[in-house]
Amino acid sequence: DAAQGGLHGEVIGAGVQGSFTAYQLAKHKQKTLLLEQFILPHTRGSSHGQTRIIRKAYDEDFYVNMMDESYELWAQLEREAGVKLYRQTGLLVMGPEKSHYYEQVKNTLQRNKVPMVTLTSDNFNQHIPHVKLTEGNGAVVEVTAGVLYADRALKAVQFQKLGGVIRDNEMVMDIKPGPIVTVSTSAGVYRAKRVVITAGPWANRLLAHTGLQLPLEVVKINVCYWKEKVPGSYDVRRRFPCFILTESQESKEHIYGLPSNEYPGLVKICYHTGSKADPDQRDQQTDRSDINILQRCVKHCFPGLIPEPAVVESCLYTLTPDRHFVLDCHPTYSNIVIGAGFSGHGFKFGPIMGKLLCELSLGEVPSYDLSPFRIRRFQAKSKSAL
């Protein structure tokens, strides 16, 4: 029994949310342990890969408000770590002009005074070469959006340990709730006053030890990279933006992409959902229907790309029914805090999620209204369904 006495806090899962939570707890002078089941860095969860989009283009004001501070915190981490983590590229949002979601995003950006440029079918190609705007689609560019260097960000936040400890290659086998929570891993036993669970696709597996299950669905995303016919046409250095196609002939789901950057000459374009997968056997999930949808989209909208993916990697999303996050204390044990269900759009919020999960863990009043993220929203629904 390698029981550790006197731990204030323990965070399970060293993806982006867990890493920022441990970083915040350590900043608050809490003796903190960050546990990770795999050897770091790893590619089995939801936080790996070089790039993510950072944006305020949302249909909900609460996300836009959180992103204001998130941008500041990313900049602060850049200064602390002395590495570049963000590159402004702008975000092109395209979608049927009259569709509910596209209109909402546009209105939310305007209402929150986010710098944006509205493009028309006449001036679209001067601003955005090598992209075809579908007839009936509107287009706006959110100016301050861009690319986050994800791998770099994880390293930066994990190495700002501030006296915290990271233990990787330690799988959590059991959690015994109580005034002091006992966590047993493949390597030992730890006792802590507070535990934060940020285990991504493995959240429900851990929560089972505490008698809780959340309505989370794990899906595997095929992360596809497409080759430029003419090298440089979609390059980040030529100011090609990130983009989101809110819906299209091909699909009701978003299709999103980033300029060629991480692999020279390859543009990352993905379908914003996937097929149900088991996180420990995700390579058994070989459904390629999303790739077929993307091929048709690339043919139609991105004539300068070869419509056959050159590289396919994978990523897991953990979806909630409403696609909003879970940030809450355990309904029975208030010293167990849960950050889960980031639904494929949580990375850019990492610094804020870390701050909020730290506040919940310390019993402080959260900096933001967490009602959209509370667990009871599911329980109310499941009760009414009975």
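What volume does the second largest cavity have? About 30 Å³. Before I go on, remember that this is a predicted model, so please take everything I say in that spirit.

Okay, staying with that cavity. The count comes to 2 cavities of 30 Å³ or more. Lining the second largest one we have Arg-55, Ala-57, Val-93 and Tyr-101, and then Val-105, Ile-244, Thr-246 and His-254. Sort that lining by class and you get 5 nonpolar residues, 2 polar and 1 charged.

Now, on to the pockets. The second largest pocket holds about 440 Å³ of space. It has 20 lining residues, and Asp-59, Tyr-101, His-254, His-272 and Arg-323 are the closest to its centre. You'll recognise Tyr-101 and His-254, which also belong to the lining of the second largest cavity. As for the class split in this pocket, it's 5 nonpolar, 7 polar and 8 charged.

Right, let's look at the sheet. It's an open one with 3 strands, in the order β3-β8-β4, and the pairing is antiparallel. Which strands sit at the edges? Those are β3, residues 51-54, and β4, residues 86-88, and each of them pairs on one side only. On average, neighbouring strands here are turned by 30° against each other, if you ignore direction. Zooming in on one pair, β3 and β8, with β8 covering residues 146-149, run antiparallel and share 4 bridges. Within that pair, Ile-54 stands opposite Gly-146 of β8. And what packs on this sheet? That's α2, which touches β3, β4 and β8, with its direction at about 135° to that of β3.

So α2 is the helix I want to follow from here. It spans residues 61-81, and it packs against α8, residues 350-361, at an angle of about 100°, with the axes 7 Å apart. Roughly perpendicular is the range from 65 to 115 degrees, and α2 and α8 therefore count as roughly perpendicular to each other. On the α2 side, the residues in contact are Met-66, Glu-69, Ser-70, Leu-73 and Trp-74, and they meet Pro-351, Ile-352, Met-353, Lys-355 and Leu-356 of α8. By class, that's 7 nonpolar residues, 1 polar and 2 charged.

The other helix to mention is α1, residues 16-27. Its axis comes within 14 Å of the α2 axis, and the two cross at roughly 70°. That's why α1 and α2 also come out as roughly perpendicular to each other. Who makes the contact? From α1 it's Phe-20, Tyr-23 and Lys-27, and from α2 it's Trp-74, Gln-76, Leu-77 and Glu-80. The class split here is 4 nonpolar, 1 polar and 2 charged. If Trp-74 sounds familiar, that's fair: Trp-74 is also among the α2 residues that meet α8.

Last bit, a couple of backbone details to look up on your own screens. Where is the cis peptide bond I have in mind? It joins Leu-40 and Pro-41, with omega at about -10°. Pro-41 lies in the loop between β2, residues 32-35, and β3, and β3 is one of the edge strands we just went through. The other one is Lys-29, which isn't a glycine but still has a positive phi, about 60°. You'll find Lys-29 in the loop between α1 and β2.

That's my tour, happy to take questions.

Terms used:
Residues are numbered from 1 along each chain as its sequence is written. This is a predicted model: local features need pLDDT of at least 70, side-chain atom pairs count only at pLDDT 80 or more; totals for chains, interfaces and linings use all residues. Side-chain values use heavy atoms; hydrogens and water are left out. Axes are lines fitted to C-alpha atoms, for helices over the stretch in contact, and angles run from 0 to 180 degrees between N-to-C directions. Angles under 35 degrees count as roughly parallel, over 145 as roughly antiparallel, 65 to 115 as roughly perpendicular and the rest as oblique. Contact means heavy atoms within 4.5 Å. Ala, Val, Leu, Ile, Met, Phe, Trp, Tyr, Cys and Pro count as nonpolar, Asp, Glu, Lys and Arg as charged, and the others, Gly among them, as polar. On a 1 Å grid over the protein atoms alone, a cavity is a set of points where a 1.4 Å probe fits but cannot get out, and a pocket is an open set with protein on both sides within 12 Å along at least five of seven lines; lining residues have an atom within 4 Å of a point. Grid points are joined across faces, edges and corners, and a volume is the space filled by probe spheres set on the points. Two strands pair if DSSP finds at least two bridges between them.
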